[in-house]
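Reader: I am new to this structure and would like a close look at one part of it. Please start from a single residue and work outward from there.

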Amino acid sequence: MQIMLILAHPKKGSFNHAIAERIHACIHQLGHSVWSHDLYEENFDAVYRFDHADQEDVLVQLHREQIRRCDGLIIVHPNWWGQPPAILKGWMDQVLVEDVAYGFDPDDNGSGVPTGLLHAEQALIINTSNTPLEREQSVFQDPLEMIWKNCVLYYCGIKNVERKVFRVIADSTYEDRTAWLAEAENLVQQYFK
Ligand SMILES: Cc1cc2nc3c(=O)[nH]c(=O)nc-3n(C[C@H](O)[C@H](O)[C@H](O)COP(=O)(O)O)c2cc1C
């Protein structure tokens with residue numbers, strides 16, 4: 001199985017980095033191949049400019065090729081204002097484009113319902129947050145749940161999307177984080193057999 005792993009967190013040594021490293025190792029242990037991308041490390045340009053000759057952007061082309069071909073997708077990022085960090089939003093804008101991630105029938109001008117083109121069977125989204133679950137649901141309505149499932153991944157044809165939020169990072173102990181890393185590993189073992 002070929003898995004694409006995306007990490008969007010600016011700080012080396014963050015818990016997000018620890019999660020991604022643990023997942024990377026686990027994918028290898030399972031005997032799968034991984035295309036791993038730390039978007040900050042790659043200096044991924046978040047801004048989609050319409051005058052930009054994206055055909056020539058080698059990094060964007062590489063990500064498009066890999067998202068098209070991967071069998072599984074794992075994305076690790078913190079909750080920032082109820083959304084992915086801008087660098088990851090820019091990745092969505094430029095990598096999950098028409099004719100790569102979704103397409104319309106020839107007689108559809110784009111106002112209809114598209115066909116998802118990604119063939120990955122499974123996606124796993126791992127988020128970190130500083131908001132307790134009850135407050136997230138009652139006050140903020142957990143926008144990341146809707147963004148990743150309904151707005152992005154189901155739209156692009158990935159039918160199975162699992163999302164896990166580790167919280168509250170600010171209050172967490174070493175033991176909490178150790179247990180969460182084990183949980184992240186278990187999720188990979190469970191969903192990417
Ligand atoms: C710009 C910014 C916006 C944030 N917005 C939220 C938010 O809306 N909800 C939340 O629970 N935490 C929010 N946080 C806290 C981060 O989610 C938290 O720092 C991160 O999950 C911790 O992970 P780390 O230890 O890997 O950095 C925000 C942090 C930053 C820097």
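Reader: Does Q2 count as buried or exposed at its relative accessibility?

Author: A word on the source comes before the answer: this is a predicted model. In that model Q2 counts as buried, because its relative accessibility is 15% and the cut-off for buried is under 20%.

Q2 is part of strand β1, which covers residues 2-7. Leaving out residues up to four places away in sequence, Q2 touches S33, V34, W35, C70, D71 and G72. With S33 there is also a polar contact: a polar atom of the Q2 side chain lies 3.4 Å from the backbone oxygen of S33. Another of the residues touched by Q2, V34, is included in a core of 21 residues, along with F15, A20 and I27. That core is separate from the largest nonpolar core.

The largest nonpolar core is the next step outward, and strand β1 gives two or more residues to it. This core has 33 residues. I67, L73, W91, L96, W148 and L153 are the members that touch the most other members. Besides β1, the elements that give two or more residues are α2 (58-69), β3 (72-78), α3 (86-95), β6 (122-129) and α5 (143-153). Helix α3 provides the largest share, five residues.

L153 shows what such contacts look like for one residue. Apart from neighbours within four places in sequence, L153 is in contact with L73, A123, I125, W148, I158 and V161. Two of these, L73 and W148, also appear among the core members that touch the most others.

Helix α3 can be looked at in the same way. Seven of its ten residues are buried, so α3 is largely enclosed by the rest of the structure. The buried ones are I87, L88, G90, W91, M92, Q94 and V95. Their cover includes β1, α2, β3 and α5, so the strand that holds Q2 is part of that cover.

Helices α2 and α5 also have residues that are not buried. V58 lies in α2 and counts as exposed, because its relative accessibility is 66%. Between the C-alpha atoms of V58 and V97 there are 15 Å in space, with their positions 39 residues apart in sequence. In helix α5 there is C151, which counts as partly exposed at 46% relative accessibility. C151 and G103 are 48 residues apart along the chain, and their C-alpha atoms are separated by 15 Å.

The ligand comes next. Its shell consists of 14 residues, and the closest are H9, N16, W81, T128 and T131. Strand β6, already met as a contributor to the largest core, supplies at least two residues of this shell, and so does helix α1 (15-29). By class the shell has five nonpolar and nine polar residues, and no charged ones.

Three side chains of the shell have polar atoms beside oxygen atoms of the ligand. For N16, a polar side-chain atom is 2.7 Å from a ligand oxygen. For T128, a side-chain N or O atom is 2.5 Å from an oxygen atom of the ligand. The corresponding distance for T131 is 2.6 Å. Taken alone, the ligand exposes 630 Å², and the protein buries 70% of that.

W81, one of the closest residues to the ligand, lies in the loop between β3 and α3. W81 counts as exposed because its relative accessible area is 81%; the cover counted for that value comes from protein chains only. The backbone of W81 also calls for a remark. Most residues other than glycine have a negative phi, and most peptide bonds are trans. W81 is not a glycine, yet its phi is positive, about 55°.

N43 likewise has a positive phi of about 55° without being a glycine. N43 sits in the loop between β2 (33-38) and α2, and counts as exposed at 65% relative accessibility.

The last detail is a peptide bond. The bond from R167 to V168 is cis, with omega near -5°. V168 is placed in the loop between β7 (160-167) and α6 (174-191).

Methods
Residues numbered from 1 in each chain as written. Predicted model: local features only at pLDDT ≥ 70, side-chain atom pairs only at ≥ 80, totals over all residues. Heavy atoms only, no water. Core = buried A, V, L, I, M, F, W, Y, C linked by side-chain atoms within 4.5 Å. Buried < 20%, exposed > 50% of the residue type's maximum accessible area, 1.4 Å probe, protein only. Helix = DSSP H or I, 4+ residues; strand = E, 2+ residues; numbered from the N terminus. Contact = heavy atoms within 4.5 Å. Polar contact = N/O pair within 3.5 Å; in protein donor to acceptor, adjacent residues only side chain to side chain. Near = heavy atom within 4 Å. Areas by Shrake-Rupley, 256 points an atom, 1.4 Å probe, with all protein chains shown as cover. Nonpolar A, V, L, I, M, F, W, Y, C, P; charged D, E, K, R; others polar.
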